[in-house]
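Visitor: I would like a close look at a single part of this protein. Please pick one helix and walk me through its surroundings.

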Amino acid sequence: MKVSTSKDFAYAMTPLKILSWPVGTWPLQDYDVFSAIRAIIATFFLLLMITIVQSEMYLDNSDAEKNLDGLVFITCGSLAASKVIRFRIRPAALISNFTSAVEDYNELRDEEKRVIVRKHAYMARVASASMIFFAYFSSILFITVPMLAEEEEKDILNVTEESTSDYPIPSENVIALVKIPENLYFIVFIIEYLMLLFTSTGNLGSDSLFFGITFHLCGQVEILKLDFQRLKIESERTREHFNVLTKRHIYLINLANMLNETISSILVMQLFTSCILICTSGLQFILALNMGNIVMVVKTFIVLSTLMVQLFAYSYVGEYLRRQMEGIADSMYFCNWYDIPKSVAKDIIYVIMRAQEPVFLRAGQFFVVNMETYTSIIKTSMSYLSVLRVMVNA
């Protein structure tokens, strides 16, 4: 597919391409065999990781710490696999939105509008960078923590036996079961690290792709509000200009609904699992503090931060999209409607009525995702965490 040669387009979309291309979900790619292979490889690594961790928990369910880590891996791996498969199998909505973005950048001439688009591109980059930083830092921690924990255990307890937490993901018993030679330890280590990278990229990288195009859509809505405020008052061109802006409004609403349909089913799993993981990781954090395990405290804190940032990003994007769409009504009210022809002024009422119907980001088409949702999930998670803490202390 053709892409824009605009520097603004490169500024906004290059980070999204870097994150989505390796897993085969970049919407502006050629959907050929090569892109399918990338998606298959990413999905294979994710499903393999889920299988290994589930088998490990089945073979040894006596280690509570390892089971909590396993729950994090299984949940995040499932989310990553579902997002990669969803964005790959049904990419029509993303393709339409990104193709529209290419056209928007190619037609960008007004400097004031360029500032608006650039601002929203910056917002998308900040959201993506924040999530990816925490995700990749967590991956590094899951590599270093077992080695640090093992060295600390040897120094304090003089333990000479081989540690069971010797790999980036819980897999000691599975590796012993399949009898992998010890000289392949480094290869196994690298493969498991690749699993962590695919989990981070498939999960939060897919989120960054969605956030990036949603922020661009919000920028186009803000430009539309600016155009409505500048509605021409010449009687011979007012009707034509108004019709163009109205069609643009309908077009942006359709793009928003397409994005909502793409992410809706995934958001149900996202919100449910975020609540569970915040509870379990919070409990692990409290237990690590009580035991004075600094390494585990840092690891669980980063995992908690990643979950909170991801949940906050979805809630903020949903809230921002709603407010931008509702702002169309305000822009229509503050335009020079009293100077334009009466026939056009009457039609403004219908645009205001349509703009007052909120465009929500929904989970499963019934659960609205906004800042109120974020607050509710945090409160619920903290309530469950308090119950878990009392049960453990009892």
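Guide: What follows is a close look at helix H2, with a short view of the whole before it and two other helices after it.

Keep in mind that this is a predicted model. The protein has 11 helices and 2 strands. From the N terminus on, the elements run α-α-α-α-α-α-α-α-α-α-β-β-α. The C-alpha trace spans about 90 × 50 × 30 Å along its principal axes. Of the 394 residues, 52% are buried. Take the contacts between residues at least 6 apart in sequence: 81% of them join residues at least 24 apart.

Now to H2. This helix covers residues 33-59. Start with its length. H2 has 27 residues, and at 1.5 Å a residue they should span 39 Å. The end C-alpha atoms of H2 are 38 Å apart, so the two values agree.

Next, what is hidden? The buried residues of H2 are Ser35, Arg38, Ala39, Ala42, Thr43, Phe45, Leu46, Met49, Ile50, Ile52, Val53 and Glu56. They pack against three helices: H3 (64-89), H6 (172-178) and H7.

Look at H7 more closely. It runs over residues 185-229. H2 and H7 pack at an angle of about 110 degrees, and their axes are 9 Å apart. Angles of 65 to 115 degrees count as roughly perpendicular, so that is the label for H2 and H7. The crossing of H2 with H7 is left-handed. From H2, the contact uses Ile41, Ala42, Phe45, Leu46, Leu48, Met49 and Ile52. From H7 come Ile191, Leu194, Met195, Phe198 and Thr199. Sorted by class, this contact has 11 nonpolar residues, 1 polar residue and no charged ones.

For another pairing, turn to H9 and H10. H9 holds residues 294-333, and H10 holds residues 342-355. They pack at about 155 degrees, with axes 7 Å apart. An angle over 145 degrees counts as roughly antiparallel, and therefore H9 and H10 are roughly antiparallel to each other. Their crossing is left-handed. Met325, Glu326, Ile328, Ala329, Met332 and Tyr333 of H9 meet Ile348, Val351, Ile352 and Ala355 of H10. That contact has 9 nonpolar residues, no polar ones and 1 charged residue.

One last length check, on H4. Its 15 residues, 92-106, should span 21 Å at 1.5 Å a residue. The end C-alpha atoms of H4 are 21 Å apart, which agrees. Among the buried residues of H4 are Phe98, Asp104 and Tyr105.

Conventions
Residues numbered from 1 in each chain as written. Predicted model: local features only at pLDDT ≥ 70, side-chain atom pairs only at ≥ 80, totals over all residues. Heavy atoms only, no water. Axes fitted to C-alpha atoms, helices over the stretch in contact; angles between N-to-C directions. Helix = DSSP H or I, 4+ residues; strand = E, 2+ residues; numbered from the N terminus. Parallel < 35°, antiparallel > 145°, perpendicular 65-115°, else oblique. Left-handed = near helix turned anticlockwise from the far one by under 90°. Contact = heavy atoms within 4.5 Å. Nonpolar A, V, L, I, M, F, W, Y, C, P; charged D, E, K, R; others polar. Expected span 1.5 Å × (residues − 1). Buried < 20%, exposed > 50% of the residue type's maximum accessible area, 1.4 Å probe, protein only.
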